[in-house]
Amino acid sequence: MTRGQREAFETQSRIAADATRAKADMQRAQTNEPWYEVVDNVWVGTRQAADRAPSLPNVLAAPIERQTVAPATVAEIAAWLNRHYGITVEMSDDVRSSQKAGEGIVLSHRGTVASYLDAITARTGIFWRWSNGRVQLFRRETKSYQFDALAFKTNIENTITNTNASGGTSGGSSGASSGGSGASTGLTTSSGQTTTLTASIDPFESLVKDVEAIVAQSSANGEKGEVIANRFLNTVTVTDSPIVHQRVQAYMDQANAIASKQVQFNVKVLSVELDASESYGINWGVIYKDLSSRFQIETNLVSDAINSANTTTIGLLNPNSRFDGSEVLLEALSAQGDVSIEQSANVITMNGRPAPIQVTEDTAYLPSVTSLQVPNAGATTSFQGATVTTGFAMRLTPMVRANNDVIVQLELNISNLRNLRQISPGLGLTAEQPEIDRRQIAPQVLLKSGATMVLSGFEQTRAGGNRRGIGSATFQALGGGTNASQKRSTLVVLITPVVL
């Protein structure tokens, strides 16, 4: 078909379509049908706004019928299409240099130009597309894919230890030839055990390795694709066949959907004052039963030690309720003691990224005091200062699953400065040694979005008392008496992750 024949064919097709439309309008006028048509697409003026697939030109829909006996190369087929249909065919360098471009194929076809090009693709593995008013033949193409997460690496290290060590020396005096005498305080001890949990999080590097594996597995005809990663632009550029690009695109869509999810953590630290004469701890069995009966909140105890003193207890509050689990728990706890909110924080983090929360206090103390006697000059005293950090430190790392359940890696460290014990070896010297209560846990818990994780078992006991009487508190005839009491302070940590 020459160019003139093709233009005549297109003109005849438009005239036939206009005649068919005019005939339908005449029939509609006779039957009183409405002069409008309902379509599902979105139009702006006379243009369709929701046209997802670009329409192909009419020349590709032109009929074709070709019977061949002798083999023809791809270059010869391209010349034939240009000669008969006026189609410009552009071949990429990899098509020209490939062996199949020089090999002939016998291909008889009846259909359209587009279906003929599809048949060539099926026989040769050479792909085609319509771009810039011409047919492009290619084997591989290059596309860049954006990763919807910051391409930086995160190293996490959590150490749980009960090893304590402190150093110093205890001295005496020396003779006159030494030039003086001295004394110092100190103690050297080392004992305990240490557990260290480490993790290295680099989503971008993992994603690049996955894309490289997809490209390597999909290599065909001995032609290996290329993958180039750019951390600065946060992109992965792939050069390979359209089939491989479809697989990479499907993987990138899934990876971006997972990486772009955000998790909001609501954290509350409660302090519950208990009377040790009435309870050995918070009775979680009673509290959870109350929540279930009054508010229909489902609960689950992860640990079995409900009332054991100084034992960490983990419970879960199911979010399938119209009540806020953490707020209702405050009301239930108030029945067992005085409840106050020590700390409250909200933090948002991306999926797989750690969110640190820390509220601490630094206290200065004197671990070492040294006095040196210098002949004819008196005494010189030196101090060695140090600080001890106590408080509340937490790191939350979420991993959102496909159903929006959240795997939470929790690292919690709660410490309290109980006392600064004074150590005096004599000679008027006094050093200080901190006594710290510390709780460290690193559980990994599966939660539903909106569920509340309850951590308890961080307990402290304070003793108090009073004495009264005339002369002696033990002489009861004159109203003497003693009264001792103990108060137990329990910290309860509430953690609620919500997938945004």
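A residue is taken here as buried when its relative accessible area is under 20%, as exposed when that area is over 50%, and as partly exposed in between. On this basis, in the predicted model examined here, 34% of the 500 residues of the chain count as buried. The accessible surface of the chain comes to about 29200 Å², and 49% of this surface belongs to carbon and sulfur atoms. The chain contains nine helices and 26 strands. Among the contacts in the chain with a separation of 6 or more, 71% are accounted for by residues 24 or more positions apart.

Two asparagines in loops were examined for their backbone conformation and their burial. Asn234, although not a glycine, has a positive phi of about 60°, and its place is in the loop between strand 14 (226-230) and strand 15 (235-240). The relative accessibility of Asn234 is 10%, which is under the 20% limit, and Asn234 therefore counts as buried. Asn404 is likewise not a glycine and has a positive phi, in this case of about 70°; this residue is found in the loop between strand 21 and strand 22. Because its relative accessibility is 32%, a value between the 20% and 50% limits, Asn404 counts as partly exposed.

The strands on either side of the Asn404 loop, strand 21 (378-400) and strand 22 (406-426), also each supply at least two residues of the lining of the second largest pocket. About 700 Å³ of space lies in this second largest pocket, which is lined by 32 residues, those closest to its centre being Ile201, Pro203, Asn351, Gly352 and Met399. Further elements that each supply at least two lining residues are strand 9 (154-161), strand 13 (194-201), helix 6 (203-217), helix 7 (242-259) and strand 19 (338-350). Of the contributing elements, helix 7 provides the largest share of the lining, namely five residues.

By class, the lining of the second largest pocket is made up of 18 nonpolar, ten polar and four charged residues. With regard to the domains, residues of the lining are given both by domain 2 (143-152 + 199-260) and by domain 3 (263-499), and the second largest pocket therefore lies between these two domains.

Definitions and conventions:
Residues are numbered from 1 along each chain as its sequence is written. This is a predicted model: local features need pLDDT of at least 70, side-chain atom pairs count only at pLDDT 80 or more; totals for chains, interfaces and linings use all residues. Side-chain values use heavy atoms; hydrogens and water are left out. On a 1 Å grid over the protein atoms alone, a cavity is a set of points where a 1.4 Å probe fits but cannot get out, and a pocket is an open set with protein on both sides within 12 Å along at least five of seven lines; lining residues have an atom within 4 Å of a point. Grid points are joined across faces, edges and corners, and a volume is the space filled by probe spheres set on the points. Helices (H or I, at least four residues) and strands (E, at least two) are DSSP runs, numbered from the N terminus. Ala, Val, Leu, Ile, Met, Phe, Trp, Tyr, Cys and Pro count as nonpolar, Asp, Glu, Lys and Arg as charged, and the others, Gly among them, as polar. Domain bounds come from an automatic or database domain assignment. Buried means under 20% relative accessible area, exposed over 50%, partly exposed in between (1.4 Å probe, protein chains only). Contact means heavy atoms within 4.5 Å. Accessible areas come from the Shrake-Rupley method with a 1.4 Å probe; for residues, only the protein chains shown count as cover.
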